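Biologist: I've got a model open and I'd like to learn how to read it. Could you take me through a few features, one at a time?

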Amino acid sequence: MIRSVVTGTGSALPARRVSNAELAAQVDTSDEWIVERTGIRFRHIAGPDETTGTLATDAARRAIEAAGIAATDIDLIVLATATPDQTFPATATKVQAALGILDCVAFDVAAVCSGFLYAVQVADSMLRTGVHRRALVIGAETFSRILDWEDRTTCVLFGDGAGAIVLEGQEVEQDGRGILATKLHADGRYNDLLYVDGGPSTTGTVGKLRMKGREVFRHAVTNLAAVMTESLGIAGIAADDVDWVVPHQANARILDATARKLGLAPETVIVTVDRHANTSAASVPLALDVGVRDGRVKQGDIVVLEAMGGGFTWGAAVIRF
Ligand code: UT7
């Protein structure tokens with residue numbers, strides 16, 4: 001059978017790192033409140049020359065290098081973002097051009113914080129048909145550009161960045177490497193709990209992020225625990241056999257509560273929310289790259305990715321790495 005195998009990971013962060021104390025000088029907040037309620041200590045914020053496209057390209061280059069292939073070996077780019085460089089064309093085509101890939105399939109996926117999980121399932125489906133061979137799957141965001149910097153309930157929570165993986169369709173045995181299961185959900189009734197108050201077809205503006213955080217929090221723990229259980233069931237993997245959970249990095253309390261609900265040891269959870277904050281679609285591949293590069297996530301490990309965000313949308317993936 002063909003499975004999509006992760007052959008490389010990469011990530012990129014803007015040069016500028018902003019502390020909670022710096023934000024406390026701008027809005028009515030404190031380092032103490034942010035750390036206690038979210039676990040966030042720092043976030044990276046894009047400068048004028050850094051965009052979703054440039055961050056995505058840097059992350060993609062590192063993933064390609066880690067995979068030991070040439071950029072021109074890529075025949076599919078799926079880029080998850082809610083903050084594209086332009087309304088159109090897709091930021092994926094900017095990455096394609098920057099990497100010097102003359103022909104491939106390239107498009108964006110919009111599922112906000114779950115975008116990377118959506119992109120993984122789309123790429124996995126396309127690779128398993130055998131039509132495509134090597135995919136770049138990217139999550140990249142510049143949420144700093146859609147934040148209301150006067151709204152303390154949202155502006156302290158988010159950051160910018162990008163993460164990427166190379167997925168290769170390989171013939172494997174039943175116990176071989178690759179994506180074992182993906183499971184996605186959406187429930188559009190909750191649109192008004194987390195949204196941007198603008199868009200090309202409504203206001204003609206980009207808009208700013210609005211969130212009812214407490215309500216999102218309640219749904220997040222329930223939905224994430226459920227979808228992880230579902231995806232492990234599809235993969236035929238017991239929770240005890242999970243080596244690493246790479247969650248969407250929205251709030252340290254959500255990570256703790258979700259792991260507890262599944263009976264997973266806290267040491268199995270890769271945490272980057274303290275230094276990256278919530279980077280939406282970039283947060284899972286950014287955290288995965290951190291775990292791979294610091295030597296925790298190794299070939300053959302069982303890795304569960306999970307995320308939940310605006311829509312609501314949510315999902316999980318189980319990978320034999
Ligand atoms: O990525 C998509 C998924 N997103 C999420 O998963 C986010 C989920 N939600 C959360 O992470 C949390 O709900 C928040 C971090 C957003 C908020 O934490 P909370 O413990 O739910 O706080 P709260 O919204 O209930 O607010 C508690 C208090 C309020 O004051 P009152 O009404 O109790 O007087 C807020 O006005 O904290 C106040 N507050 C702040 N205080 C200082 C809200 N933001 C701040 C702030 N600094 N930045």
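Modeller: Sure. Let's start with one side chain: Phe 312 has 1% relative accessibility, so it counts as buried. Keep in mind that this is a predicted model.

Biologist: And how does Tyr 190 come out, buried or partly exposed?

Modeller: Buried means under 20% relative accessible area, and exposed means over 50%. Tyr 190 is at 25%, so it counts as partly exposed.

Biologist: How many aromatic pairs are there?

Modeller: Two aromatic pairs. Phe 143 and Phe 158 make a tilted one, with 5.4 Å from centre to centre and 35 degrees between the planes. Phe 143 sits in the loop between strand E6 and helix H6, while Phe 158 is in the loop between H6 and strand E7. That puts them 15 residues apart, and the pair links distant parts of the chain. Both Phe 143 and Phe 158 are buried.

Biologist: What about the rings of Tyr 190 and Phe 312: how are they arranged?

Modeller: For ring planes, under 30 degrees apart counts as stacked. The planes of Tyr 190 and Phe 312 are at 15 degrees and the ring centres are 5.0 Å apart, so this pair is stacked. Tyr 190 belongs to the loop between strands E8 and E9, and Phe 312 to the loop between E12 and E13, so the pair ties together parts that are 122 residues apart in sequence.

Biologist: Can a ring have a charged partner too? Which residue has its charged end over the ring of Phe 42?

Modeller: That's Arg 17, whose charged end is 3.6 Å from the ring centre of Phe 42.

Biologist: Now strands. Which residues cover the two faces of E11?

Modeller: Look at the side chains by face. In strand E11 (residues 244-247), Trp 244 and Val 246 are on one side, Val 245 and Pro 247 are on the other, and all of them are buried. E11 runs parallel to strand E12 (residues 302-309), and four bridges join the two. Within that pairing, Val 245 is opposite Val 304.

Biologist: Why would you call helix H10 largely enclosed?

Modeller: Count its buried residues. In H10 (residues 283-293), nine of the eleven are buried, so the helix is largely enclosed by the rest of the structure. Among them are Val 284, Leu 286, Leu 288 and Asp 289. After H10 comes Gly 295, with a positive phi near 90 degrees.

Biologist: What does Arg 320 touch, leaving aside its neighbours within four places in sequence?

Modeller: Arg 320, which is in strand E13, has contacts including Arg 3, Gln 174, Leu 180, Ile 237 and Asp 301. Then check the polar atoms: the Arg 320 side chain reaches the backbone oxygen of Asp 175 at 3.2 Å. A polar atom of that side chain is also 2.9 Å from the backbone oxygen of Gly 176. As for Asp 243, it is 77 residues from Arg 320 in sequence, but in space the C-alpha to C-alpha distance is 9.7 Å.

Biologist: Last one, the ligand. Which residues come nearest?

Modeller: Of the 24 residues around the ligand, the nearest are Thr 29, Arg 37, Arg 214, Asn 251 and Asn 278. Thr 29 has a polar side-chain atom 2.7 Å from a ligand nitrogen. The side chain of Asn 251 has an N or O atom 2.7 Å from a ligand oxygen. Don't skip the backbone, either: a polar backbone atom of Arg 152 is 2.9 Å from a nitrogen of the ligand.

Conventions:
Residues numbered from 1 in each chain as written. Predicted model: local features only at pLDDT ≥ 70, side-chain atom pairs only at ≥ 80, totals over all residues. Heavy atoms only, no water. Buried < 20%, exposed > 50% of the residue type's maximum accessible area, 1.4 Å probe, protein only. Pairing = 2+ DSSP bridges. Phe/Tyr/Trp six-rings, centres within 6.5 Å; stacked < 30°, edge-to-face > 60°. Lys NZ or Arg CZ within 6 Å of the ring centre and 35° of its normal. Contact = heavy atoms within 4.5 Å. Polar contact = N/O pair within 3.5 Å; in protein donor to acceptor, adjacent residues only side chain to side chain. Near = heavy atom within 4 Å.
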